[in-house]
Structure formats: structure tokens, C-alpha cells
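Reader: I'd like to learn how to read a structure feature by feature. Could you walk me through one?

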Amino acid sequence: MTCCHPESSPSPSPEGARAAAEIPAHPLDPLRADEITTARRVLEEAGKVSPTTRFPLVLLDEPDRHAAAAHRPGDPVARRLRITLHDMATGASAEAVVDVTAGLLLSWRELDVATEGQPQVMFEEYEVVEAIVKADPGWLKAMADRGIDDTSLAVCAPLAAGSTVIERPGRRLLRCLTWLRCDATDNAWAHPVGGLVADVDVVERRVVRIVDTGPVPVPAECGRYEAEFNGPARADLRPLEISQPEGPSFRLEGPLLTWQNWSFRVDFNAREGLVLHRIAYRDGERERPVLHRASLAEMAVAYGEAEESRNWVAFLDAGEYSLGRNANALRLGCDCLGEIRYLDAVVSDDLGNPETLPNAICIHEEDHGLLWKHTDIFNNMAAESRRSRRLVISYIATVGNYDYGFYWYFYQDGTISFEAKSTGIVQTSAVEPGAGSPYGTEVAPGLLAPYHQHLFCVRLDVAVDGLANTVEELDVVPVPPGPDNPAGNAFTARTTVLADSAEGGRTADTTVGRRWRITNPGSLNRMGQPVAYTLVPQPGPVVLAQPGSPVARRMAYGTKHLWVTRHRADRRYPAGEHPNQHPGGAGLPEWTAGGESLENTELTVWHTFGPTHLPRLEEWPVMPVEATGFSLKPTGFFDRNPTLDLPREAKGGHCAV
Ligand code: NI
């Protein structure tokens with residue numbers, strides 16, 4: 001046995017002040033305003049834009065993994081945009097790819113909306129639809145039948161139609177439920193108008209069907225949550241200041257962020273919101289990739305009421321409502337606390353013009369409690385401990401009644417985690433006061449908050465020490481009693497390689513501690529094992545809608561907690577390219593038919609998680625944050641605890657040794 005000797009500690013190099021030189025362009029840079037303007041001009045010059053043309057979605061056509069990895073500073077950068085167009089007058093829709101560097105229209109394809117789905121819902125349509133509904137005689141009569149003659153303060157929520165077809169497929173529809181307000185500032189969600197749906201053809205600009213299952217009393221009680229409606233504020237909170245007098249420890253060079261050995265590129269788009277590219281950890285002299293790309297690629301909210309006016313309510317907030325476009329402008333001290341850096345995001349508006357979303361992305365550091373500690377009972381109780389600090393990159397999107405915060409966390413020990421925080425106001429419907437319902441919680445007299453599922457789905461283009469990876473499922477299992485287990489105490493871990501795309505859809509199982517290990521068979525740790533990252537889930541129920549039902553077909557990605565697919569550039573979204581009014585079956589169900597090897601190759605890992613939400617009285621009139629997520633933990637990726645080099649006490653810390 002040999003004893004260890006203290007390492008001589010070289011003095012750390014000072015944080016060099018880097019000259020604010022111009023940052024070279026990179027193929028994965030966020031979309032720029034001038035690129036959106038150029039794309040629109042190219043389409044105009046090609047005769048593809050009329051006064052009624054709209055641009056539901058404008059995205060960067062991202063370069064493939066190899067091209068992005070091969071790029072070196074100063075290399076020429078060619079940029080292409082993928083654009084979905086929609087004609088408000090004719091309903092015709094198309095997809096275009098524009099090279100904005102060369103100023104060329106590269107491709108143009110008409111969409112068959114009846115089979116391929118509709119472009120996303122546009123902001124302009126929200127207002128159009130409300131005006132159409134409020135002028136419709138059928139809706140006015142249904143309101144009058146409910147004793148509501150003054151409809152000036154009614155709000156008609158423009159809701160995705162799912163797979164509803166009225167008379168003919170391919171019709172662009174929004175379905176409207178109605179809520180009332182006492183005045184223009186009232187919380188409308190407190191006053192749902194029950195049993196009434198107005199179906200709007202957005203192209204014909206008329207209500208094409210009214211579903212009226214009969215009046216239900218409109219809940220009368222107010223649902224105000226602002227301070228002025230809620231009595232005296234607590235007076236016993238003293239200031240809590242977060243101070244980083246020398247500034248934060250991360251460095252931003254354009255969209256390239258570095259912090260505590262981590263580096264990645266921050267990106268944002270109208271559909272998925274925050275996107276992180278080329279996430280890597282510097283391990284000594286080696287820059288070791290972990291993920292090529294990470295985003296929340298889809299999220300569904302599916303409601304469980306059986307009644308005809310509500311049994312279709314289910315939304316895909318990224319694919320139908322463009323989650324990123326709905327980003328909040330964050331406010332210091334309110335949404336994020338501490339030494340914050342904000343980034344703006346650039347998206348296209350409905351008209352194809354650039355729009356800047358100010359303070360869309362928040363970046364900061366947080367103290368995260370204890371990282372590790374040991375007190376040596378054999379050595380005078382000598383104690384050694386380190387505090388954990390994490391880097392947080394987040395944004396918040398408001399989609400109708402709900403507000404969602406999305407948080408990527410990076411830890412000093414190589415862990416990455418993600419949280420989706422749901423807050424805002426629960427969706428509501430009306431019931432006879434006191435009658436309750438098997439499908440929801442009566443949160444105020446006559447006000448039902450229906451049960452529902454949140455099904456988030458992240459897309460992880462994995463790159464653990466390189467692009468060729470394999471995914472294994474790991475269960476802990478008891479060993480049967482017998483000669484190998486004479487005392488009956490033994491248990492072991494069982495790994496199963498997910499070898500073929502037909503095995504790529506997996507369900508979590510907490511009874512066996514199931515997790516999934518993303519390995520690189522070509523990169524071994526010092527014990528001779530493939531390096532790995534483990535996806536540790538926090539599973540909730542998968543889709544509860546009946547197999548084959550419209551909701552289950554459209555949200556098929558939510559029938560499994562994990563999907564593994566061969567990476568392909570056109571496999572972007574778990575519910576397919578155009579989920580709005582898509583009948584279902586697109587996306588992951590198509591890509592997991594079988595016959596594709598998943599071993600030691602380029603993979604995308606898709607993870608579904610999220611709560612099945614049974615609303616509580618305490619979640620009315622505004623809901624405290626409910627957080628859900630997952631972790632990616634290095635598992636033999638490092639040869640030992642990678643945080644042994646953390647100083648005993650961070651500069652300016654409070655640990656008095
Ligand atoms: Ni919920």
C-alpha cells in the first residue's frame with residue numbers, strides 16, 4: 001500500500017480579458033433578422049408572396065452534424081432557412097428552403113394539408129377568430145340561451161382542432177371555447193361558458209358548426225390573483241440579496257457559452273424555443289462532446305373530459321402553437337434572481353418580417369447546496385466538503401392559460417438536467433355547483449379544473465465522446481435464491497442493448513429502477529468499459545387516451561417514455577413536421593418500424609416525461625410551479641469524481657474552516 005502525497009498546486013491562470021474582437025460567424029448561430037428579411041425578399045422575387053401570404057414558421061435549416069463539427073473559425077458559412085407559408089385567402093400552404101447567403105430559392109413544395117397537416121396557428125388568427133365567433137348568429141343565440149346578452153367582454157379561445165374534420169378534410173379549423181370577464185382585466189378562466197363550441201373555418205372566415213350540449217351555469221366567483229385583490233401582503237420577509245461582486249463565472253462570446261469546463265452554443269427558434277448545440281465538457285486537454293443538440297421538441301397537454309363539447313381538447317404547444325414565439329420578456333428580480341445575462345431571440349412574425357423577443361433567454365449561476373462531503377472519523381473528524389454550483393439557461397413561454405418555464409442545468413460534476421415548470425392558470429370548464437365530476441376537481445363553486453396530462457418530449461442528438469453511440473436499458477433485478485445466492489440478498493444490474501429500431505420505444509419502470517445508458521463502444525474509460533451518460537427519468541403515466549383514439553394517435557410519442565432512432569436530419573419533431581390537424585401517426589411511430597440497427601451509430605434519443613395533473617384547490621386561482629424533468633449523469637465517462645479540483649472555498653465564500 002502506498003500513501004498519497006499532496007499535489008503541488010499551480011497557481012491558476014488569471015481570467016484573461018479577451019479583446020472584444022468580432023465574433024466569427026458559425027453555421028449554428030441563431031437566426032438573424034437580416035436573414036429573415038432576405039428570405040422574404042427571395043420569395044417575393046420568385047413570385048411566391050401575395051398580400052395574403054403568411055409565414056407561420058421560419059427556421060434555420062440547420063447544417064448536419066458532420067458539417068457543424070468540421071467548421072473552423074473563419075470558414076465560410078452558408079445559411080439556409082426553412083419556411084412554411086400559408087395563404088390566408090386560399091388556404092394553400094407550402095414549404096420552401098431559401099439559401100440566404102446566395103439569395104436563392106432552393107426548393108418549393110405545396111403541402112397537402114389534408115394528409116400532411118396544417119401549418120401552425122398564427123397570432124393573427126387569434127384575433128380573426130374571436131371577431132368571427134362574436135359576430136356569428138348561432139353563437140349569439142347559444143349565449144342568449146344562457147342568459148348572456150352582453151358578449152363584449154367574452155373571450156373566445158382559438159384552440160387547435162386536433163383531428164376534427166367538418167365536411168371535408170384539409171379545412172383549416174380552430175375550435176373556440178368561450179370564457180367571460182367582469183371587466184377587461186378580469187381572470188377569464190374563472191368564468192367558463194359550458195357546453196358550447198364554435199368551430200371556425202379560418203380561410204372562409206365563418207363559423208361552420210356550433211356544438212351546444214346545453215346550458216350550464218357560468219361560475220360567478222372571481223378568480224383574481226393580483227396583489228390588490230388579495231388583502232394585505234405579508235410584512236415579515238427581509239431582503240435576500242444574491243451578489244456576485246466580480247460578475248458571473250461564465251463567459252459568453254456571441255452565442256458560445258463556457259462555464260466550469262462546459263461549453264455549448266445557445267440558440268433559440270420559434271418552434272422549440274431554447275436549443276443548445278454542441279454541448280461538450282473539457283476534461284484536461286480533451287474537449288469531450290456529450291450532446292450534439294438538445295431541445296424540448298414537443299409538448300402536449302391532453303384533457304380527460306368525456307363530454308362532447310370537451311372530449312377533443314388536447315394541444316401540441318410546439319407543433320401547433322410555436323412555443324418559442326410565445327416566449328416572455330423576462331424581468332430581473334422577478335423571473336430570475338441574481339447576476340443575470342439575458343439574450344434576445346429573433347423570430348419571424350406572421351408576415352415574414354423579423355421580430356426581436358427581448359430578454360427571452362436567461363443565463364445565471366445558482367448555489368446548489370452541497371456537492372460532496374466527508375468527515376474522517378479516523379482522523380480527528382477532519383472534514384472536507386465542496387459546495388455545488390450550477391449554471392442555468394432558461395426561458396418562459398405563455399401558451400393560453402398555462403405558463404411554462406424551461407430550464408437546462410449544468411453541474412460541475414458533469415451532470416446535465418432539465419426541468420419543465422408548469423405554472424399559470426389551470427384550464428377550466430363549468431359544472432353544476434357542487435356536482436363535481438369524475439374528470440376533474442371542482443376548485444371553486446361550479447368551476448371544474450379537468451384532469452389532464454402534460455407530455456413533454458425532449459430531443460437529444462447524443463454524441464457521447466463522438467457520434468457513434470449505443471443505448472442500453474438498465475434494470476436492477478434480484479438474483480433467484482440458489483447456489484449463487486445462498487443468503488437470498490443478492491441483486492444485480494441487467495443491461496439490454498436496444499439493437500434495432502423496432503426496440504426503440506421503451507417504457508419506464510420504477511420498480512426496477514429502469515434507466516437508459518448512452519454509451520460509446522469506441523471510447524473506453526480506465527476500467528476498460530465504454531464511457532457513458534445515463535438518462536435518469538422521473539416517469540409519469542404515458543398517454544391515457546385509448547389506443548387508436550384521436551388523441552392517442554396524434555400524441556403517439558407520449559405512449560413511451562423513451563424512443564431511440566437512427567439520426568436523420570429530417571427527423572426533427574416527435575409528432576411530425578406539421579402536427580396541426582394531422583390525423584396522427586407521423587414522427588416517432590414512423591421512425592421506429594424496425595429494421596434499422598441502433599448499435600454504435602448516430603442516434604437521437606427522445607424522452608417523454610411530465611405529470612398527469614389532478615388539479616388541487618391550492619392551484620386556484622393561480623398555480624404554484626410544478627416541476628418535472630430528467631437528468632443525464634456521467635457514468636464511467638470520467639475516470640473518477642471530476643470535481644476533486646474544486647477549491648476548498650470558492651472566492652468570497654462563507655465556509656470558515
Ligand atoms: Ni397541468
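**Around a glycine**

Author: Happily! This is a predicted model. Setting aside neighbours within four places in sequence, Gly 162 is in contact with Arg 554, Gln 581 and His 582.

Reader: Where does Gly 162 lie among the strands?

Author: Gly 162 sits in the loop between β5 (155-160) and β6 (173-179).

Reader: Is Gly 162 buried or exposed, and why?

Author: The general idea is a cut-off: buried means under 20% relative accessible area. Gly 162 has 5% relative accessibility, so this residue counts as buried. As for distance, the C-alpha atoms of Gly 162 and Ala 33 are separated by 32 Å, with their positions 129 residues apart along the chain.

Reader: Let's turn to the metal. Which residues coordinate the nickel ion?

Author: Start with the donor atoms. For the nickel ion they are OH of Tyr 402, NE2 of His 452, NE2 of His 454 and ND1 of His 613, at 1.9 to 2.0 Å. Along the sequence, these donor residues follow the spacing Y-x49-H-x1-H-x158-H. Tyr 402 in strand β18 (residues 402-411) and His 613 in strand β31 (residues 612-613) are 211 residues apart, and this pair links distant parts of the chain.

Reader: Are Tyr 402 and His 613 buried or exposed?

Author: Both Tyr 402 and His 613 are buried.

Reader: How do I judge the geometry of the site of the nickel ion?

Author: Look at the angles. The ideal value for four tetrahedral donors is 109.5 degrees. To count as tetrahedral, four donors need all angles between 85 and 135 degrees. Here the angles among the four donor atoms run from 93 to 138 degrees, and the site of the nickel ion is irregular.

Reader: Strand β18 came up. What is the order of strands in the open sheet?

Author: For a sheet, read the order of the strands, then how they pair. This open sheet has ten strands in the order β15-β16-β17-β18-β19-β32-β28-β27-β24-β25, with antiparallel pairing. Its edge strands, β15 (341-348) and β25 (491-497), each pair on one side only. From one strand to the next, the twist averages 25 degrees.

Reader: How many bridges join β18 and β19?

Author: Nine bridges, with β18 and strand β19 (residues 416-424) pairing in the antiparallel sense. Within this part of the sheet, Tyr 409 stands opposite Ser 417 in β19. A helix joins the picture too: α1 (residues 33-45) packs on the sheet and touches β15 and β16 (354-376), its direction making about 0 degrees with that of β15.

Reader: And the cysteines? How many disulfides does the structure hold?

Author: The structure holds one disulfide. Cys 336 is joined to Cys 362, with an S to S distance of 2.4 Å. Cys 336 lies in the loop between β14 (314-316) and β15, while Cys 362 is in strand β16, so the disulfide ties together parts 26 residues apart in sequence. Cys 336 is buried, at a relative accessible area of 5%, and Cys 362 is buried at 0%.

Reader: Why is the sulfur of Cys 222 not in a bond with that of Cys 182?

Author: The test is distance: a disulfide needs the two sulfur atoms within 2.5 Å. The closest cysteine sulfur to that of Cys 222 is in Cys 182, at 4.0 Å, which is too far for a bond. Cys 222 counts as partly exposed, with 44% relative accessibility. For Cys 334, the closest cysteine sulfur is in Cys 336, and 9.5 Å is too far for a bond. Cys 334 is exposed, with a relative accessible area of 52%.

Notes. Residues are numbered from 1 along each chain as its sequence is written. This is a predicted model: local features need pLDDT of at least 70, side-chain atom pairs count only at pLDDT 80 or more; totals for chains, interfaces and linings use all residues. Side-chain values use heavy atoms; hydrogens and water are left out. Donors are N, O and S atoms within 2.8 Å of the metal (3.2 Å for Na, K and Ca); water is not among the atoms, so sites may look incomplete. Four donors count as tetrahedral if all angles lie between 85 and 135 degrees; four count as square planar and six as octahedral if opposite donors are over 155 degrees apart and all others between 65 and 115; anything else is irregular. Helices (H or I, at least four residues) and strands (E, at least two) are DSSP runs, numbered from the N terminus. Buried means under 20% relative accessible area, exposed over 50%, partly exposed in between (1.4 Å probe, protein chains only). Contact means heavy atoms within 4.5 Å. Two strands pair if DSSP finds at least two bridges between them. Axes are lines fitted to C-alpha atoms, for helices over the stretch in contact, and angles run from 0 to 180 degrees between N-to-C directions.
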